[in-house]
Each structure stands twice: as C-alpha cells, then as structure tokens.
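The exercises below are to be worked with the sequence and the model in view. Each task is followed by a solution in steps.

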Amino acid sequence: MTDPFASGQRQTPPALLLTQIANRRPYARAAALAVLILAVSAAAVAQHTNRPVTAAIVFLLGVTLVGALEGLRGGLLAAVLASIIYNFFLSDPVFRFSLTSAEEYVPLIAFNISAATSGLLAGRLKDRALAAELASHRLRALFDVSQRLQAAVRMRDIPEAIKGFTAPEAAQPEIYVASGAAIEPIQDAATHEELARKLLEGDATSMRQGDYTGLLLSMPAGSEAVLVLNWPNRLRPASAQHDLDAFVNLLSIALERCLLLERLSEAELIKRSEEFKTALLSSVSHDMRTPLSAISASASSLSRFGAELDDHTRRDLLNMIQEQCDRLNRYTTNLLNLGRLQAGVDQTQFTQCDALEVLGSAISRTRSLGTEHEFSKSYEVAAAPVRADAVMLEQIFFNVLENAVRYSPARSRIDVSAAAAGGTLSISIADEGEGIPPSDLELVFERFYRSRSSLPQEGSGLGLSIARGFAQAFQGSIEAAPAPAPLGGTVITIRLPLETSSMSP
Amino acid sequence: MMTLRILILDDEPAIARVLQPVLTATGATVFCAASAVEGLRIAKESAANLVLLDLGLPDADGKDLISSLRAQGDPAVIVISARHQESEKVAALDAGADDYVDKPFNIDELLARIRAAQRRLLSQSPKADVFESEDLVIDFRRREVRLMGEEIKLSPKEFDLLRTLAEHAGQVVTHKRLLLAGWGDPTADAQYLRSYIALLRQKLEEDPAEPRLVLTEPGVGYRLASETASNHRSS
C-alpha cells in the first residue's frame, strides 16, 4: 500500500531562526580597528608634514568608515576617540588640551561635530541595514517553518518540519502530547520528559530548567501539549522572544490540526467498519434468507399440496430446492473467502499452476449452473504458468464468469480470451449484457456493490470484490471496461504475472 | 368466495417460480412482476386484488410503492421481506400494507395471511356485525363477547381493543393503530396498551403466559389468531 500522506520529496531542513549574525562581528571589529589605526597614522603623518586640513579629513573618513563597519555604537566611539586623539596628540600644542584663541576653537569644534555626525549617520545606516537583514531573515525562517508545519498532517510529521529551526541539529526541540494521564513524545527523542511532566502537572504555562525552556501549547479540549526547547536566555535578543511566540503559535495550530485529523480518521475508520458491518448484515439477511425462502416455500408446498400439483411443478419445486442449496453454498463460500481475505492470504501456500487449466475448470463449473450461454474461447497462449492458489484462482474466474452470466441475456455469447505480453497474462471475459455505467466501473469491485439495473438479480455483491482481493494477493489486478463491439456489454480483464521459470515445483 | 387475483412483485425469480404454481393450485390467478414499474402496470391491467410485495425492489422503495398500488386499485398488500428490522415493517404497515410475512416463510404461513387478507377484502363493504372464530364470538353491535359459549365481561377499552384486532383478524395490527382505537391518540404510551392486552389475555386465554388468541408481534403490534390450529408462528 502506498501511504497517501507520505511527502513526495525530502526537503532541506528549515533555516535557523537566529542566524548568528554576531559571528560576523569579530571580523568587522578588526577591520574597524585597522581603519582607525590607519586613519590615525595617516593623520599623524599629514599633521607632521604640516597639512592639518588633510589630517582632519583623513580622520573624518576613518570615523565614517568605522561607523559603517561597526554601527552606531562603534561610530560614536570612534568619533570620541578621534576628538581626543586629534586634540591631544595632533593639534598644536601636542600632548595637551590647549585652547588659546577663538581661531583655534572654531576648527576644533567643527571637527568634533563633523566626526560625531558622520560617525552617527554611518553607524545608524549600518544598524538599519543589519536590522533589516536580520528581520528579513527571521521572516523568511518563520515563513519557511510555517509552510512546513502547514504541510504536516500527522503528529510525526511535525518534528521533521521544525528540525533545525530553533537550534542547530544537535539540540532539537521536543514535543510531548498528553491525553489523560499518558504523556507521549511525538519525536523519537524524549530527553526532557521530566520537564514536560512537571509543566503539565503544574499551573504555569512555561518553565525553565537550565538552558531549556518548556512551554505549554494551546490544544483542543481533552489534550495538552508541551514544547521543550534549548533557549538559553543569555544568547537571545529581545526580538527573538517575539519570533518564539510566533513559532509557538504556528506549532500549536499544526499540532491541533494533526490531533483533530487523527481523531477524525479514527472516527472515519470506525464509521467505515460500521458501514461494513451493516452491509454484511444486510447481505446475509438478503442472500441467505432469499434462497432459504424459496427452499422453505418449495418444501412446504410439496409436503402440503404434493398430490394436487402436477408432475412438472413437483419436479420444478425439487429442482428449485437443489438450485437454491447450491446458491446458498456459493454464498457461504464467498463469505468464507471474504473472511479469508480479511485475515490475510498466506502466500507461502501458493504453487505454480496453469491458469488456462484452472480457467477451463471454472468454465465447466459455470456451465453446471444450468446456463444456456455460449462460451467462445480464444487463447493466444498454450499454457500460462502463474504462482497462485488453484482453488482461489478458480474462484476468481468463476466469480467473473458467474457475474457475466447473471448480467447478460440467456443464450447470449460470453467471450473468454487469454493473451500474454511482457511477462503478464491477461484473461478477458466479455459479455453481451447491458454493461456497467462508466461511473460504476470501479465500484463493481466494492464489497456489496449491486447493479442498479432492473434485471432480476441474485448476486450478493461479493463475487467481484473477492475476485479483486484474490487477484491482488497473486500480485495481479482486475478491472472492468465496456466490452468492444459487437458484444457491447462489459469486459472484465484479469492480469496475473507469469512465472518465468517453468522449473518451479 | 371471491376469486383471488394475486400479483407476486419480487425481483427474485426463485420466489415467483415457487409461488406461482402453488398459488395457482389453490385456485388463485397469479401474475408476476420483477420491478416496481412493471408491477404497477400489471397490477392495473390484471386488476389484482392482492399483492405479495418484496420491499427490496431494485427500482423503488417498497413503501412508496404501497401508496401507489393503493391509489390505483386498492388491493390488499402483504409485504414479503427479508428485512427483519421491525421499523421497516411498521413503516410498511403505516404506509398501508395489510400484513407481512418474514423470509424465509413456509407456505402455510403465507396462505394463512392470504386468507386473512381475503376475509378483509370480503368484509370491506358491509360492516360485519359479528365476528366468529372457532372459540370466540364477538357481537359488535351488542358489545358482547363469548368464549366457547360463555359470556366474558370486558371493560369498554378492552372491548375496543379486541374489536380492532377482530376487524383485522389474522392480520397484524400495529401499536399505533391500537393506541388510536383505545385512547384516540397514536402517540400514547405503549405501556397502557401492554397493560390492557395483559388484562384481555387474563380474560380470554387459557394460559395468559402463552397466548394462543392475542398474539404478540414483537416490535410491531398484535395479531388476533383467526385459525387457532394453524396459526402458530414459525420463526
């Protein structure tokens, strides 16, 4: 069986929520320091060669660059540092702060203000850029994880969806779901069950334990869930708390949906099993009581009116009893086969058998039902070795043939053909009946399906579903289609893998 | 007695094949149909006065068919059904069916039901004044009940219930109809009905714990046995 919920392709893990942007800083800081030293050196050289204007401009450039590299704080620091160095070391007199005249005041103040302003502006710009980058990264990461969470339909999809989001690979968040007294981790790991249990038993909605934080998630009535994640306070900026809140919300929604889906599918399963039981009971009620009625009415009529009935009627009533006993027997066989399919077919019991030989036997059995149909056979192969259980294989053919006989007019033709191609044997049984509406071509293989046609019918709606179950047990298939002209009824094709080695036991 | 013209309306060929010769042998004229559409047509053409109806027809719900049949010729309708759900039977009876037989049935059971329906067909026009079976005689006008010649005193309610059962002797009468007859309200508590049926049995039955006259049809209603000897229910 294919799992309809299985995701098609493996995805890369989601982006980490908090990229370590700080990691880039040591390098930026070194660069800033280098720029500052370079600027001071250049300014010193300029000052000593008596070019004070150049020195001031080089200094300003340095401060601006430091601001651009280090942000606001770095820029301001550089500006202050620059003022001190300029006043104390570079401007005359060297090694002291001396302000002797207004003429000296003006350039110094202008320099200081310029340095501070350019440091401030460049730093602010850098900070804004950094903040924008960080925000966009956070948004992308949140969006990414929300998409993954939205795609999750089962509890066990969730750990995979959030993997790598709050922490790198090693310290994955853990989720515990509690219903009643039982606490279940939804991922394989359960290293923080203790914390989860404490949180579930207490009143608090969050709890810390070392570097780990436990958070109570909002869940539908009757269930509780806890998220435990590695979340050391010292590493996290304030904005991360907002991201965590958003993440917790997304996670709660996904968990809630998965939980409800699970409950729904359980309910669906129960409903389907109830429907099956109802169908089975109504089938037993109809398909056992109808032949029993005919038998009971025939037998009681014979015993009550035996003398008053003519010979022909008496014979007919006796035949009827026999026929209806056969019918009951066939129905019982189908019911037993249904049970057999539900219990699972034991494949080790399969042997190699010739499908054509078994088909022949099924045709004779169908003829013995007293049908007046004409069976026209055309086999393109002389023998068809398949690995199967011969009795079950005959049941497939018989059920399909019986169905063809039942839903086509008396004395009409039934074409039976066999062909082999690409290691597959195809056996087709076509009739001249009314055919099946296109919308019902698949439904006929459902248990207890009955045609809505007004033809008199005695089918149980089990035959074709058992044929399909058995064909699948033999790694084969069975399907219905409109029969080609001139038949115009239904063609049912059974496909079985041919045994390649003819030396098998 | 009037000639019965019976329509067997069943999609099971086996049932028709058995019943047709046997019912013919009892003197009835028998017609067969396998679908609702065909059944309605043949019922009209043949002027059938009794329909043996299978509830599980492929092209219509048997219950809907009952009102159509009644509308076009008012035949008696006996439901033959493999459905053992009591609610189905009650719904069919409420829809106007006269009686029902459960599958599998034996021919005596069916013939007894047919005779009961036939009696009702006969008594339909002039309202009978007296009901007479082997042991039981009821004079409707004088409200007198005699069991094996001996007069039995019944309360008015007991008498009303017995009269309703006797008017449909041999046929099932639903709880609803009995409640309507006794209390004028079909939704009255069925517990009243059970108590009065118990009182009635005290007065009429040899052994009220094992009634032979007022028979219980579990989940459906009660039936007054009209042929004491042959009317043991088989299940």
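**Exercise 1.** Identify the bridge partner of B:Val137 in β8(B), and describe the strand pairing to which it belongs.

*Solution.* Step 1: in β8(B), B:Val137 has B:Arg146 as its bridge partner. Strands here are DSSP runs of E with at least two residues, helices are runs of H or I with at least four, and both are numbered from the N terminus.

Step 2: the two strands concerned are β7 (residues 136–139) and β8 (residues 144–147) of chain B, which pair in the antiparallel sense over four bridges. Two strands count as paired if DSSP finds at least two bridges between them.

The model is predicted: local features need pLDDT of at least 70 and side-chain atom pairs count only at pLDDT 80 or more, whereas totals for chains, interfaces and linings use all residues. Residues are numbered from 1 along each chain as its sequence is written, chains are lettered from A and ligands numbered from 1 in the order in which they are written, and side-chain values use heavy atoms, with hydrogens and water left out.

**Exercise 2.** Determine the strand order of the open sheet of four strands in chain B, and state which strands stand at its edges.

*Solution.* Step 1: the order is β6-β7-β8-β9 (chain B), with antiparallel pairing.

Step 2: the edges are β6 (130–132) and β9 (150–152) of chain B; each has a single partner strand, so one side of each is left without a neighbour in the sheet.

Step 3: on average, neighbouring strands of this sheet are turned by 20 degrees against each other, direction ignored. Axes are lines fitted to C-alpha atoms, for helices over the stretch in contact, and angles run from 0 to 180 degrees between N-to-C directions.

Step 4: two helices of chain B lie across strands of the sheet. Helix α6 (residues 156–167) lies across β6, β7 and β8 and runs at about 110 degrees to β7(B). Helix α8 (residues 190–204) lies across β7, β8 and β9, at about 50 degrees to β8(B). Contact means heavy atoms within 4.5 Å.

**Exercise 3.** Which residue forms a salt bridge with B:Arg146, and are the two partners buried or exposed?

*Solution.* Step 1: a salt bridge is a side-chain nitrogen of Lys or Arg within 4 Å of a carboxyl oxygen of Asp or Glu. The partner of B:Arg146 is B:Glu151, the closest N and O atoms being 4.0 Å apart.

Step 2: buried means under 20% relative accessible area, exposed over 50%, and partly exposed in between (1.4 Å probe, protein chains only). B:Glu151, at 35%, is partly exposed, and B:Arg146, at 33%, is partly exposed.

Step 3: elsewhere in chain B, a network of salt bridges links B:Asp99, B:Arg113, B:Glu217 and B:Arg223.

**Exercise 4.** Locate the salt bridges of A:Asp144 and A:Glu442 in chain A.

*Solution.* Step 1: A:Asp144 is bridged to A:Arg148, with the closest N and O atoms 3.6 Å apart. Both belong to helix α3 (residues 102–151) of chain A; being four residues apart, they are separated by about one helical turn.

Step 2: A:Asp144 is partly exposed at 23% relative accessibility, whereas A:Arg148 is buried at 13%.

Step 3: A:Glu442 meets A:Arg468 in a salt bridge (3.0 Å, N to O). A:Glu442 lies in the loop between β10 (424–430) and α10 (463–473) of chain A and A:Arg468 in helix α10, so the pair ties together parts that are 26 residues apart in sequence.
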